[in-house]
Structure formats: C-alpha cells, structure tokens
Amino acid sequence: MPALAANHSRHVVIMGNNASPQDMQTYLQAHSPVTKHVAFAFQSIAGWRENGLVISVRGPRTKINIGGLGEDLSWRPFIDQALANTKYAWTYQNNMNEWLKSHYVMILALNSIASTYNGNLRRAAKDRKLLHLVIHAMDEGHQVLEKNGFTVTPAAQKQFARKNRRLLYILLKMMLSIPISRILLSDKAVSANEVTALQQAFADLKKSGIWRRRIGMSFNNISRLSGRAHS
C-alpha cells in the first residue's frame, strides 16, 4: 500500500477479494502526493499459478465487476478506454464494498468444501450434511452482512441460499461431480493467507455491536466449516 500511495497515478483500480476496501481507499487518499481516485474490481475467473504455469477457467470474455464505494465514478471514461478492445466484459456496481463483502462470505463457505476431503470433490458431493452446512453458512454470512447494514449484492445470491436451498443443494452436488469443479472449487483457488484474512474479517463483523444489539443468536456455521476443513 505505501508504494501504491506514493505512485503519482491519479486513477487506481484495485482488483481481487477485498474485505476492507474502505480502509484501503482512505489510506491511499491520505498518503498520496496527488489527488487519487480509487475504484475496486473483481474478475470472474478461477485458477492458480503452479510450477510456472497458470491453471485457470474463464470464458471467451472475462466478466469484471467494478465500481466505487457508494459514489458515482466520474472517471468511468478512463476505465472504459483502458478496457476497450480487450477480452473483458465489465459491469459497474454502485457499491463495490457491498459486492465484495457479499462475495467473500460466499467464498468462505464454498472454499471449505475441497479442504474437507483433501481435494476429493466427488466424495464431498456425497456428503449431504456438509453441503447443507455450506448452504447454511452462506445464509449466515448474508445475515451478518444485513445486520451490519450492508445489502447483499447481487440479491439473487441471498435468495438462493435462503429461499431456494433445495435447488442450491442440487446445483452444488452437480457442480462437485463434474471435472471443472476441480478448478472452480479447488482449495488452491484462494490462497491460505487470503482465506485467513477473510475469516478474520468475518469474525470481526460478527463481533460488531451493531448486529448483536438487534438479534440474540450466534453465527457459527462458517466457523464449523473452517474447523472441518482443517481437522
């Protein structure tokens, strides 16, 4: 972050999972020698680097979600120009803070599947209790976000985990049974350090006094999944 803040670029796009985009933006703008405009983005691609090779899954046009933290990006033309004539399809989000938080609570639940069975996703597909726990953990994550004042984005993500659990269970079971899932849901797709950071961010959200004052229940499904993954 110090090097990025010291850079004289006036427009910065930070890509990837991010549990604290507001803190990053505040730091960059406070420590930059020039006025800095910051956006956050996430590209829909799965994979990892191994032995000098990049193993990944992506479509003919990789989708990118991009936006600010609740404010309109007046410098969209710069982004559009940078992405023009590339194999990217980009969608602007009104609040990437909410989008990124919604994404990482889903990732925490899904990422635990492969670790539970040492990467054997076909075995995981047969574990009914595990898949239901994953779905409950996703809904738990959404509830924690909502109790802290965030809107789950996209809304369909919440609806699947809360109101269409039977369908989500079937889709998870099907996905785990096909070869492409070895990349999409591999325990290598998100680094151990990244998972640890996201778990800590979620734990901090659960400790927030905001939602604890509103409800009297404990959210432990994601913690239970983490425990299974490392047992």
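Methionine 15 stands opposite alanine 41 in strand E2. This pairing is a convenient place to enter the structure, which is a predicted model. Strand E1, residues 11–15, and strand E2, residues 37–43, pair in the parallel sense, and five bridges join them.

From E2 the sheet continues to strand E5, which spans residues 62–67. Here the sense of pairing is antiparallel, with four bridges between E2 and E5. One position to look at is phenylalanine 40, whose bridge partner in E5 is glycine 67. E5 in turn pairs with strand E6, residues 88–93, in the parallel sense over six bridges. Within that pairing, isoleucine 64 has tryptophan 90 of E6 as its bridge partner.

Put together, these four strands form an open sheet with mixed pairing, in the order E1-E2-E5-E6. Which strands stand at the edges? They are E1 and E6; each has a single partner strand, so one side of each is left without a neighbour in the sheet. From one strand to the next, the twist averages 30 degrees. E5 is mostly covered, five of its six residues being buried.

The connection between E5 and E6 can be followed through a helix. Helix H3, residues 76–83, makes a right-handed β-α-β unit together with E5 and E6.

Other helices lie across the sheet. Helix H4, which runs from residue 96 to 116, lies across E2, E5 and E6, at about 30 degrees to E2. Helix H2, residues 21–31, lies across E1 and E2, and its direction is at about 145 degrees to that of E2.

H2 shows how a helix can have a covered side and an open one. Pro21, Gln25 and Leu28 of this helix are buried. Why do they count as being on the same side of H2? The arc they cover around the axis is only 70 degrees, which puts them on the same side of the helix. Asp23 and Ala30, on the other side of H2, are exposed. The elements that cover the buried residues of H2 include helix H1 (2–6), E1, E2 and H4. The cover thus includes two strands of the sheet, E1 and E2, as well as helices H1 and H4.

Further along the chain, attention moves from strand pairing to charged side chains. Side chains of opposite charge can pair when their charged atoms come close. The structure holds four salt bridges. In one of them, aspartate 139 is joined to arginine 162, and the closest N and O atoms are 2.7 Å apart. This pair links distant parts of the chain, 23 residues apart: aspartate 139 belongs to helix H6 (residues 128–147) and arginine 162 to helix H7 (residues 155–163). Are the two partners buried or exposed? Aspartate 139 has 5% relative accessibility and so counts as buried, while arginine 162, at 29%, counts as partly exposed.

Arginine 162 also meets the side chain of glutamate 146 in a salt bridge, at 3.1 Å from N to O. Because arginine 162 lies in H7 and glutamate 146 in H6, this pair ties together parts that are 16 residues apart in sequence. Glutamate 146 is partly exposed, with a relative accessible area of 25%.

A further salt bridge brings together the side chains of lysine 158 and glutamate 146, with an N to O distance of 3.0 Å. Lysine 158 lies in H7 and glutamate 146 in H6, so the parts tied together here are twelve residues apart in sequence. Which residues are joined when salt bridges share partners? Asp139, Glu146, Lys158, Arg162 and Arg165 are joined in this way into one network.

Some totals place these details within the chain. Its secondary structure comes to twelve helices and six strands. The chain has 231 residues, of which 42% count as buried. Of the contacts between residues at least 6 apart in sequence, 73% join residues at least 24 apart.

Conventions: Residues numbered from 1 in each chain as written. Predicted model: local features only at pLDDT ≥ 70, side-chain atom pairs only at ≥ 80, totals over all residues. Heavy atoms only, no water. Buried < 20%, exposed > 50% of the residue type's maximum accessible area, 1.4 Å probe, protein only. Pairing = 2+ DSSP bridges. Right-handed = clockwise from strand over helix to strand, strands pointing away. Axes fitted to C-alpha atoms, helices over the stretch in contact; angles between N-to-C directions. Contact = heavy atoms within 4.5 Å. Arc of directions from axis to C-beta.
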